[in-house]
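Trainee: Please take me slowly through one part of this structure, and explain each term as you come to it. After that, set the part beside a few other places along the chain.

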Amino acid sequence: MNKILNKCSKRRLLDQGKQVHGVVEKLGFRRDLVLSNDLIDMYAKCGTVDFACMMFDRMPERNVVSWTALMCGYLQNSDAKTTLLLFVKMGRSDVKPNEFTLSTSLKACGVLGIPWNGMQIHGVCAKSNFDWVPVVGNSMIDMYSKCGMVGEAARVFNTLPVRNVISWNAMIAGYTNERNGEEALNLFREMREKGEVPDGYTYSSSLKACSCADAAGEGMQIHAALIRHGFPYLAQSAVAGALVDLYVKCRRMAEARKVFDRIEEKSVMSWSTLILGYAQEDNLKEAMDLFRELRESRHRMDGFVLSSIIGVFADFALLEQGKQMHAYTIKVPYGLLEMSVANSVLDMYMKCGLTVEADALFREMLERNVVSWTVMITGYGKHGIGNKAVELFNEMQENGIEPDSVTYLAVLSACSHSGLIKEGKKYFSILCSNQKIKPKVEHYACMVDLLGRGGRLKEAKNLIEKMPLKPNVGIWQTLLSVCRMHGDVEMGKQVGEILLRREGNNPANYVMVSNMYAHAGYWKESEKIRETLKRKGLKKEAGRSWVEMDKEIHIFYNGDGMHPLIEEIHEVLKEMEKRVKEEMGYVHSINFSLHDVEEESKMESLRVHSEKLAIGLVLVRRGRKLKGQRVIRIFKNLRVCGDCHVFIKGLSKVLKIVFVVRDANRFHRFENGLCSCGDYW
C-alpha cells in the first residue's frame, strides 16, 4: 500500500488515494506510522491539506517524518505561516528536526520575507551541525536571497563544503533578483569552469542576469551554448521566456520573434513580453496582431498581463482597443476584481481623454486603493481641471486613504497646470511637515513650475537654491521653461549655462536654451546654440503625432512625406490655413521656425509639424465637413508648439468641432477658438 500511496502522491490522484485510505481503515492499519505519514503526504500533495491535518491530529504517535510531511504540505499550499507555527509546536515536543524539517522551515521564512526567524533557524542548524548538509545550506542561501540579504547568502555559499547545482542556482538567482547581473554572470562562468552542469533553472536565471546587465553579447553566447549542447530550451517555457525577455530588453526584436515562434508551449508571459517589446519600439501593428492571436488562443491572461497590455493602450491612447479590453475585463471573472486591472482601465480612460468614463468607473469600484485615487488626481491635473483634482485629494483623505509621495506629486502638478498657487503652497507645506514622507526633487520641481508660471521667477529660483536636496537637471529645465514663457532672458541665460555645464551632451538642453532665445527674438544667440548642437553631432528627439482612425494608427513625424495621402494632406492644410487666416486673423508664429530661411519656407516648415499632419489626415479621410463628428483626438510625444496651438484654436472655431490634443505635458481641449489650458502650458 505504501507504493500505491506514493504513486497517488506523485500523480496527484486524490480519488484513488482516498480509496486506499478506506482500505487502510478497514484493514485496521490506522495506527501504522509509516502508512499514516504516507497518507499525510498524499493529501498534502493533492492540495487537500485539511485532510492531511486531520490525519496528523488523529495519530497516536508521530515522528519527524509526520511533522515534516505536514509542514511541507502547508508550504506547498501557500501557507508558510502555518508551516512555521508547526515548527515551533514541534520544538515543544520530544521530536527532533532533521535536515528536511529545517530546510522546509528556512524556505517558509524566505517566502514570508522574515530573515530574523530564518537567522534563528540558522542558529539551530549550526548547533546541530546540519548547516553542512547541502539541502539545508541551499535553503539558507535561498532564504537570505529572498529576504534581500545577498551578502549573507554569499557567506553561506562560500562556506559550503559541498555544492551542487541547486547551490549555484540559488546564489545566481539571488544576485539576479538583486539586479546584480554582473555578479550573477561571474558566478555562472565559475560554475561552468568547475565542471558543474547547468539545468533549466540555471539558464533562465543567467539569461535574466544578462537582461539586468544589458549584456546582449553574453546572452547570445548562452543561447549558442543551449543550441550547442542540445539543451531542449524550446520545450522549457521558463528558459525560452527568459531568452525572449533578454532579446526584447536589448531591443533585438527580430531575434526575440524567432525564439518566440519556435517555442513549443508558449506561456502568457512570453506573449506579453513580446507584445510590450513591439509597443516600446512603436511597432503597434505587430503588437496588435500578436495581441489578437493571444486573445484567440486558449491561454488565460492573468492580472499582470492584462494590466501591462492595457498600459500599452493607455500610453498610445488607443481608445477603441482600450474599450474592448474594458469589455473583456468585465466578461472574465478575474478581470476588474483585480485592483491592478481596474486601475489600469482608469488610467487608460484618463490618458485617452475620457474623464467622464474614468470617473464613472472610479465611482463603481467596490474597493479603491491609493493608486486608484492617484490615477484620478493625475488625470484631472493633466486635463487642467485642478479644482477637481484638489477636491479628490481631500476626499481621498476623508475616506481614510493616506496619500503617498506619488499622490502629492500628482496634486502639486495639478495645481501647477491650473495656476492654483495658494492650494499648491498649502499642500507642499503639509508635505514638508509630514513625518512619513519626505519631499523629493520632483516635488520641488512642481513648485518651481507653479511659481514660475505665475510669474514669481525669483521666488522659484530661490526655492531651488535653498532646498535641502541637490538640484537635478530636470528642475533647472523646469525653471528654464518658465523663463522662456515670461521672456526673462537674463535669468534664462544663467539657468541655460548651468544646464549646458552639467549635461553638455543632452540635446534637449541645447534645444530649450535655443528656443528661449528665439522666443525673445535673440536670433544670433539662438543660432549659435543650434550650431553647437550640430557640431557636437547631437540630435533632439523627433517630434511625432498619431491619430487612431477605424482601429488603425497613423503616425506622423515632423516633415513626414511618407504617407500615401501626403499631397492631399498638404492641400487641405493650406485651405484650412487660408480659412483660419481670413476668419480668425491667424498669422504663422515664425519664431517657432528657423530664422535664416525665406518667409515661405518658414510657413512650409510649420505646416509639416506632426500634429498638423495628423489633423490634415483626419480632414482628408473623413471629409472636410467631418460628417457630424464632434471630437477629434490627436496625440503627440513632445509639447505642442505655439504656432500649432494658435492654429488649432482657430480651426476649432472655423470648423465648429472639438480637437483634443494630448502632448507630453498635458491635455489641450480646443473648442470654439479657446483652449482648456488657457494658453498656460
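Mentor: Let us begin with strand 1 and its pairing with strand 2 (residues 552-557): six bridges join the two, and they run antiparallel. Helices (H or I, at least four residues) and strands (E, at least two) are DSSP runs, numbered from the N terminus, and two strands pair if DSSP finds at least two bridges between them. Before going further, please keep in mind that this is a predicted model, in which local features need pLDDT of at least 70 and side-chain atom pairs count only at pLDDT 80 or more, while totals for chains, interfaces and linings use all residues. Residues are numbered from 1 along each chain as its sequence is written, and side-chain values use heavy atoms, with hydrogens and water left out.

One of the bridges between strand 1 and strand 2 can be followed by name, since E548 has I553 in strand 2 as its bridge partner. The two strands form a hairpin with two residues between them, and there D550 takes a positive phi near 50 degrees. Strand 1 also has a partner in strand 3 (residues 631-636), to which two bridges join it, again in the antiparallel sense; here S545 is matched with K636 of strand 3.

How well covered is strand 1 (residues 544-549)? Six of its six residues are buried, where buried means under 20% relative accessible area, exposed means over 50%, and partly exposed lies in between (1.4 Å probe, protein chains only). The cover extends to both faces of strand 1, with R544, W546 and E548 buried on one side and S545, V547 and M549 buried on the other.

Further along the chain, strand 4 (residues 658-662) and strand 5 (residues 667-671) pair in the antiparallel sense over four bridges, and R662 has F667 in strand 5 as its bridge partner. The connection from strand 4 to strand 5 is a hairpin that passes through four residues. Strand 5 is in turn joined by two bridges to strand 6 (residues 674-675), also antiparallel, with E671 matched to L674 of strand 6. Strand 5 and strand 6 make a hairpin with two residues between them, and N672 in its turn has a positive phi of about 55 degrees.

Put together, six strands form an open sheet in the order 2-1-3-4-5-6, with mixed pairing. Strand 2 and strand 6 stand at the edges, and each has a single partner strand, so one side of each is left without a neighbour in the sheet.

The cysteines come next. Which cysteine sulfur is closest to that of C677? It belongs to C675, at 3.4 Å, which is too far for a bond, because a disulfide is a pair of cysteine sulfur atoms within 2.5 Å. The structure as a whole holds zero disulfides. C677 counts as buried at 6% relative accessibility, and C46 counts as buried at 18%.

For the wider setting, the protein chain has 36 helices and six strands, and of its 681 residues 52% count as buried. Its C-alpha atoms fill a box of roughly 100 × 60 × 55 Å, taken along the principal axes.

Among the helices, helix 21 (residues 339-351) contains N343, which counts as buried because its relative accessibility is 6%. The side chain of N343 makes a polar contact of 2.7 Å with the side chain of S372, and another of 3.2 Å joins the side chains of N343 and N369. A polar contact is a pair of N or O atoms within 3.5 Å; within protein, one must be able to donate a hydrogen and the other to accept it, and residues adjacent in sequence count only if both atoms are side-chain atoms.

Helix 4 (residues 49-58) holds F56, which is buried, with a relative accessible area of 3%. The C-alpha atoms of F56 and E611, 555 residues apart along the chain, are separated by 71 Å.
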